[in-house]
Amino acid sequence: MIANFYSQNPKFFLAVDCIIFGFQRGSLKLLLQQRNFEPFKGEWSLMGGFVQENESLDEAAQRVCSNLTGLKNIYLEQVGAFGTVNRDPGARVVSIAYYALLDIDKINENLMPENDSYWEDINQLPDLYFDHSEMVTKARTQLKKKIARAPVGFNLLPTLFTLSQLQSLYEAILGENIDKRNFRKRVEEMSFIEKTDQIDKTGSKRGAYLYRFNNKAYNKIQKFKL
């Protein structure tokens with residue numbers, strides 16, 4: 001009875017597509033691939049792959065991101081399912097989209113030419129094939145909402161950063177300017193953003209103090225709220 005129930009229903013492919021965000025020189029970046037295979041060889045797309053029988057959706061997304069960047073334990077958030085019948089001309093494919101946040105400076109750059117991948121400014125993206133543009137739009141909307149309630153943006157920064165870098169990151173994600181005085185005041189109220197005694201002098205002779213995110217302090221605050 002059970003076997004018959006499964007056998008009489010259709011089977012199709014399950015995939016993951018990854019919207020991989022990075023941050024560099026004040027701009028939010030997206031890792032794209034210029035496809036070197038059919039369908040749509042030469043077109044621009046997100047990175048993805050089929051879910052294997054022995055892995056979960058999250059594991060599949062981590063595998064795809066790791067193969068592209070060389071990094072492990074990448075921050076991921078599920079965006080949603082995309083299953084329009086004719087979305088993929090090759091076969092019936094349902095895709096689960098994830099967005100990933102990582103520090104561009106930590107990736108293995110040798111993997112980029114191997115995968116025909118390139119970092120593109122989020123505001124200057126080429127046309128993407130299939131429904132990938134819709135995925136990117138939904139991912140960015142979700143990221144904007146997320147950073148308003150959780151400090152996930154630190155996954156895009158180096159371990160030590162200046163307040164100017166932090167403000168620039170938030171402006172890049174939100175797509176709007178932020179008042180410097182109000183931003184600094186809010187940061188001072190966040191005990192999980194620690195000022196160090198180190199100074200970054202790459203921008204000026206006087207330099208700027210470097211800060212870091214204290215994950216333990218943040219988790220302690222969240223536990224107290226519960």
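What follows is a walk through two helices, the aromatic contacts, two unusual backbone angles and a pair of cysteines. The model is a predicted one.

Helix H4 is a good place to start. It runs over residues 132-147, and its 16 residues should span 22 Å at 1.5 Å a residue, which agrees with the 22 Å between its end C-alpha atoms. The buried residues of H4 are His132, Met135, Val136, Ala139, Arg140, Leu143, Lys146 and Ile147. Looking down the axis of H4, these buried residues fall within an arc of 130°, so they line one face of the helix. Thr137 and Lys145 are exposed, and they sit on the face of H4 turned away from the buried side. As for partners, the buried residues of H4 pack against a set of strands, namely S1 (13-24), S2 (27-34), S3 (44-45), S5 (75-82) and S6 (93-101), and also against helix H5 (163-174).

That brings in H5 itself. With 12 residues, H5 reaches 16 Å from its first C-alpha to its last, close to the 16 Å expected at 1.5 Å a residue. Its buried residues are Leu163, Leu166, Gln167, Ser168, Leu169, Tyr170, Ala172 and Ile173. These pack against S1, S2 and H4, and also against helix H6 (180-188), strand S8 (193-200) and S9. Strands S1 and S2 thus turn up as packing partners of H4 and of H5. Right after H5 comes Gly175, which has a positive phi, near 75°.

Next, the rings. Searching the whole structure turns up 13 aromatic pairs. One of them is Phe13 with Phe50, a tilted pair with 5.0 Å from centre to centre and 40° between the planes. This pair ties together distant parts of the chain, since Phe13 belongs to strand S1 and Phe50 to strand S4 (residues 47-50), 37 residues apart. Phe13 is partly exposed, at a relative accessible area of 44%, and Phe50 is partly exposed too, at 41%.

A second pair is made by Phe154 and Phe213, whose ring centres are 4.6 Å apart with the planes at 15°, so this pair is stacked. It also links distant parts of the chain: Phe154 is in the loop between H4 and H5, while Phe213 is in strand S9 (residues 208-213), 59 residues apart. Phe154 is buried, with a relative accessible area of 11%, whereas Phe213 is partly exposed at 24%. Both rings belong to one aromatic cluster, made up of Phe154, Phe161, Phe192, Phe213 and Tyr218.

Charges over rings show up as well. The charged end of Arg92 sits over the ring of Phe12, 5.0 Å from its centre. Likewise, Lys195 places its charged end over the ring of Tyr209, at 4.1 Å from the ring centre.

On to the backbone. Most residues other than glycine have a negative phi. Arg25, which is not a glycine, nevertheless has a positive phi of about 50°. Arg25 lies in the loop between S1 and S2 and is exposed, with a relative accessible area of 73%. Asp116 is another non-glycine residue with a positive phi, near 50°. Asp116 is found in the loop between helix H3 (111-115) and strand S7 (117-121).

Leu111 lies in that helix, H3, and is buried, with a relative accessible area of 15%. Leaving aside neighbours within four places in sequence, Leu111 is in contact with Ser66, Asn67, Leu68, Thr69, Gly70 and Ser117. By contrast, Phe82 is 29 residues from Leu111 along the chain, and their C-alpha atoms are separated by 28 Å.

Last, the cysteines. The disulfide count comes to 0. Why do Cys18 and Cys65 not form a bond? The closest cysteine sulfur to that of Cys18 is in Cys65, 3.7 Å away, which is too far for a bond, because a disulfide calls for sulfur atoms within 2.5 Å. Seen from the other side, the closest cysteine sulfur to that of Cys65 is in Cys18. Cys18 is buried, at 0% relative accessibility, and Cys65 is buried as well, with a relative accessible area of 0%.

Definitions and conventions. Residues numbered from 1 in each chain as written. Predicted model: local features only at pLDDT ≥ 70, side-chain atom pairs only at ≥ 80, totals over all residues. Heavy atoms only, no water. Helix = DSSP H or I, 4+ residues; strand = E, 2+ residues; numbered from the N terminus. Expected span 1.5 Å × (residues − 1). Buried < 20%, exposed > 50% of the residue type's maximum accessible area, 1.4 Å probe, protein only. Arc of directions from axis to C-beta. Contact = heavy atoms within 4.5 Å. Phe/Tyr/Trp six-rings, centres within 6.5 Å; stacked < 30°, edge-to-face > 60°. Lys NZ or Arg CZ within 6 Å of the ring centre and 35° of its normal.
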